[in-house]
Amino acid sequence: MPVETSATFSLLLLIISLTAGQDCSQPCACSAEPPLCPLGTSLVLDGCGCCKVCARQLGEPCSLLEPCDHHKELYCDYTLLSDSETGICMAQEGQTCDLGGRIYRSGESFHPSCKHHCVCMNGEIGCVPMCASDVLLPSPDCPYPRRVHIPGRCCEEWLCEQSPPDRHYQSVLAGASQIRPLPSSNPASVFRRVSPHGPQAESPRDNCIVQTTEWSECSATCDMGVSSRITNDNQRCQLERQSRICMLRPCSSQQHKDIKKGKKCVRTPKAQQGMRFELSGCSSARLYKPKFCGVCTDNRCCTPHTTITAPVEFHCPEGEVFTKNMMFIKTCSCHHDCPHSNDIFLASNTRRMIGDYDNDM
């Protein structure tokens with residue numbers, strides 16, 4: 001076979017294989033073990049519902065068999081490339097994040113330093129440490145452990161030294177030599193024995209003065225949004241941002257029809273039928289009949305007045321299960337404290353919600 005003919009035939013086979021790989025007519029052929037995805041990357045089903053693959057991230061090429069990370073509200077935009085079967089992962093409309101003066105889009109992953117991996121999710125920044133935070137105590141094999149920075153590496157590593165690092169420790173040991181030693185035939189007994197689970201250190205929470213801000217208004221006027229607050233109510237007594245999902249009302253609701261004759265408002269209507277909450281393509285495991293904030297006919301605004309926070313478990317089509325804290329409305333108040341833009345939900349900035357507490361529903 002001539003060289004030109006062989007090359008043409010090989011190219012034809014490659015095009016056929018790529019074309020066939022972008023439809024769902026072929027039987028599923030998945031590896032026995034799911035792929036190991038990088039930190040912060042979701043494991044999702046491909047577009048054919050066959051195999052679990054590592055989701056494509058913001059700005060990466062995507063296709064039917066290489067879907068975007070819908071947990072980060074990314075979608076495959078096929079209009080950016082001339083190839084109709086390949087697109088680019090783009091972010092849904094969402095609030096951006098500001099970190100150190102740099103703006104990140106919703107769904108964008110980034111590394112503010114080599115020690116942290118972060119992602120922006122609708123105005124909220126979540127980070128996970130890349131370096132271990134273990135503690136190495138002195139032992140007979142490692143009497144003088146200390147962390148050192150190794151050139152070319154990001155995370156510090158433990159180094160075991162057999163002698164004190166400076167003369168200060170030598171002078172301390174010299175003074176300690178004048179103290180009568182404990183009666184023991186085993187020199188290793190001078191080292192403290194600790195639990196294999198680590199030292200029992202005093203918790204910073206023991207002397208913590210808890211400070212917590214009010215929950216912010218829901219970021220969406222209807223359907224799912226996000227509310228946040230700042231608190232140090234944790235084991236480390238360090239300020240952190242907590243977030244919860246919220247739903248003031250369904251976008252498809254027509255609450256004005258529920259206003260009774262002679263009334264001007266429907267203040268806190270309740271869902272008549274059980275409903276499942278939807279979040280990033282995943283559904284709540286159980287049905288809920290939540291309360292919502294209603295509407296008025298006299299230009300008054302109805303906003304949350306009393307709420308609770310409870311965990312909600314979500315199940316995804318690819319089998320993933322996760323839990324999110326969610327705001328549940330107990331009562332709403334209707335008032336004239338409405339912004340001129342007629343965005344009634346911004347009024348919760350000046351109207352404090354009371355009685356909010358955590359609840360296990």
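Q: What makes strand 14 the strand that gives the most to the lining of the largest pocket?
A: Strand 14 (240–247), a strand being a DSSP run of E with at least two residues, numbered from the N terminus, supplies six residues of the lining, where a lining residue has an atom within 4 Å of a point of the pocket. This is a predicted model, in which local features need pLDDT of at least 70 and side-chain atom pairs count only at pLDDT 80 or more, while totals for chains, interfaces and linings use all residues. Residues are numbered from 1 along each chain as its sequence is written, and side-chain values use heavy atoms, with hydrogens and water left out.

Q: Which residues lie closest to the centre of the largest pocket?
A: The largest pocket has a volume of about 1200 Å³, and of the 42 residues that line it, H71, M121, E124, S243 and K324 are the closest to its centre.

Q: Why are strand 3 and strand 4 called edge strands?
A: Strands pair if DSSP finds at least two bridges between them, and in the open antiparallel sheet of order 3-5-4, strand 3 (61–62) and strand 4 (74–77) each pair on one side only, so they are its edges.

Q: How do you know that strand 4 and strand 5 pair?
A: Four antiparallel bridges join strand 4 to strand 5 (residues 87–91), against a requirement of at least two, and therefore they count as paired. Within this sheet, Y75 stands opposite M90 in strand 5.

Definitions and conventions:
1 Å grid on protein atoms, 1.4 Å probe; cavity = no way out; pocket = protein on both sides within 12 Å on 5 of 7 lines; lining within 4 Å. Points joined across faces, edges and corners; volume = space filled by probe spheres on them.
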